[in-house]
Amino acid sequence: MNSRANQLKAFDRLLTIMDELREQCPWDKKQTMETLRHLTIEETYELGDAILDNDLDEVKKELGDVLLHIVFYSKIGSETKDFDIADVCNSICDKLISRHPHIYSDVKVENEDDVKRNWESLKLKEGKTSVLEGVPNSLPALVKANRIQEKVAGVGFDWEEPNQVWEKVEEELTEFRTEVNLGNKDTMESEFGDVLFSMVNYARFLNINPENALERTNKKFSKRFQYLEAKAKSLNKPLKDMTLAEMDVFWEQAKQLP
């Protein structure tokens with residue numbers, strides 16, 4: 001691994017290149033925070049994919065892309081004299097020191113849960129009116145549900161045992177089934193949302209990240225379906241012309257793939 005001196009040298013190199021690109025490259029000169037926003041989101045998802053695939057070389061590359069965006073925003077901020085990269089670094093350093101009094105002050109903690117509770121309490125003391133203010137509105141619903149539950153649990157609003165949460169899941173499933181039988185679409189959707197929310201809560205108690213779990217299943221399904229497509233193509237037979245029984249043969253084969 002690189003020494004701290006080499007790490008700082010590499011970061012300085014990136015800052016210099018960003019200065020040069022902003023001054024000399026027609027594309028980079030045109031960019032604003034607004035034009036970069038959707039690209040940043042895309043890069044973050046690509047990083048997430050690399051992490052789930054456990055492709056560490058790709059993780060390294062995607063981290064570089066995300067870091068570039070942080071430097072890019074900071075460069076734009078410096079041009080308007082609002083902030084620069086030093087302000088960004090110092091801001092997060094100050095926050096980390098403030099939010100970790102068990103490291104940088106005399107607060108005592110026993111475990112991770114104590115740390116989380118202190119974190120949320122400190123945020124309220126900093127002027128936030130709700131622990132949920134830190135949950136971005138634009139988060140995907142599944143991720144948002146998990147973050148909401150983590151936030152409220154951090155201030156003690158939580159179940160005590162996993163079996164209590166599972167009982168809630170079963171209760172919500174029963175209510176959903178009732179609405180399905182009645183055929184009211186609006187209430188079906190509402191109850192289905194409750195089922196998902198309770199399942200996310202149960203996953204949290206089992207230390208399962210629901211977003212990661214669902215994305216792993218997405219990847220698994222896509223891989224198996226693409227195998228099915230390839231087998232159908234090798235037979236010169238469109239999938240729409242195959243019976244479910246025929247497709248199931250290849251699907252079972254796909255399930256044996258690593």
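This is a short chat about salt bridges and a surface patch in a predicted model.

Me: How many salt bridges does a search of the whole structure find?
Reply: The search finds 15 salt bridges. One of them joins the side chains of Asp-53 and Lys-219, at 3.5 Å from N to O.

Me: Where do Asp-53 and Lys-219 lie?
Reply: Asp-53 is in the loop between α3 (33-52) and α4 (56-79), and Lys-219 is in helix α11 (residues 210-234), so their salt bridge ties together parts that are 166 residues apart in sequence.

Me: And why can side chains pair like that in the first place?
Reply: Side chains of opposite charge can pair when their charged atoms come close.

Me: Ok. Is Lys-219 buried or exposed?
Reply: Neither; Lys-219 is partly exposed, because its relative accessible area is 28%, and partly exposed covers the range between under 20% for buried and over 50% for exposed. Asp-53 is also partly exposed, with a relative accessible area of 46%.

Me: Which residues are linked with Asp-53 in a network of salt bridges?
Reply: Asp-49 and Lys-219 are linked with Asp-53 in that network.

Me: Different spot now. What do the side chains of Asp-114 and Arg-117 do?
Reply: They meet in a salt bridge, with 2.6 Å from N to O.

Me: How far apart are Asp-114 and Arg-117 in helix α7?
Reply: They are three residues apart in helix α7 (residues 112-125), so about one helical turn separates them.

Me: Is Asp-114 buried or exposed?
Reply: Asp-114 is buried, since its relative accessible area is 19% and the cut-off for buried is under 20%. Its partner Arg-117 is partly exposed at 37%.

Me: What about Lys-237, which residue does it form a salt bridge with?
Reply: Lys-237 pairs with Glu-246, and their closest N and O atoms are 3.1 Å apart. Lys-237 has a relative accessible area of 29%, which counts as partly exposed. Glu-246 is partly exposed as well, at 31% relative accessibility.

Me: Enough charges. Which residues form a nonpolar patch on the surface?
Reply: Leu-67, Ile-70 and Val-88 form one. Together these residues have about 200 Å² of accessible area.

Me: Where does Ile-70 lie?
Reply: Ile-70 lies in helix α4.

Me: And what is the relative accessibility of Ile-70?
Reply: It is 38%, so Ile-70 counts as partly exposed. The cut-off for joining a patch is over 30% relative accessible area, and Ile-70, at 38%, is above that.

Notes
Residues are numbered from 1 along each chain as its sequence is written. This is a predicted model: local features need pLDDT of at least 70, side-chain atom pairs count only at pLDDT 80 or more; totals for chains, interfaces and linings use all residues. Side-chain values use heavy atoms; hydrogens and water are left out. A salt bridge is a side-chain nitrogen of Lys or Arg within 4 Å of a carboxyl oxygen of Asp or Glu. Helices (H or I, at least four residues) and strands (E, at least two) are DSSP runs, numbered from the N terminus. Buried means under 20% relative accessible area, exposed over 50%, partly exposed in between (1.4 Å probe, protein chains only). Patches are made of residues with over 30% relative accessible area and no salt bridge: like charges are joined within 9 Å, nonpolar side chains (Val, Leu, Ile, Met, Phe, Trp, Tyr) within 5 Å. Accessible areas come from the Shrake-Rupley method with a 1.4 Å probe; for residues, only the protein chains shown count as cover.
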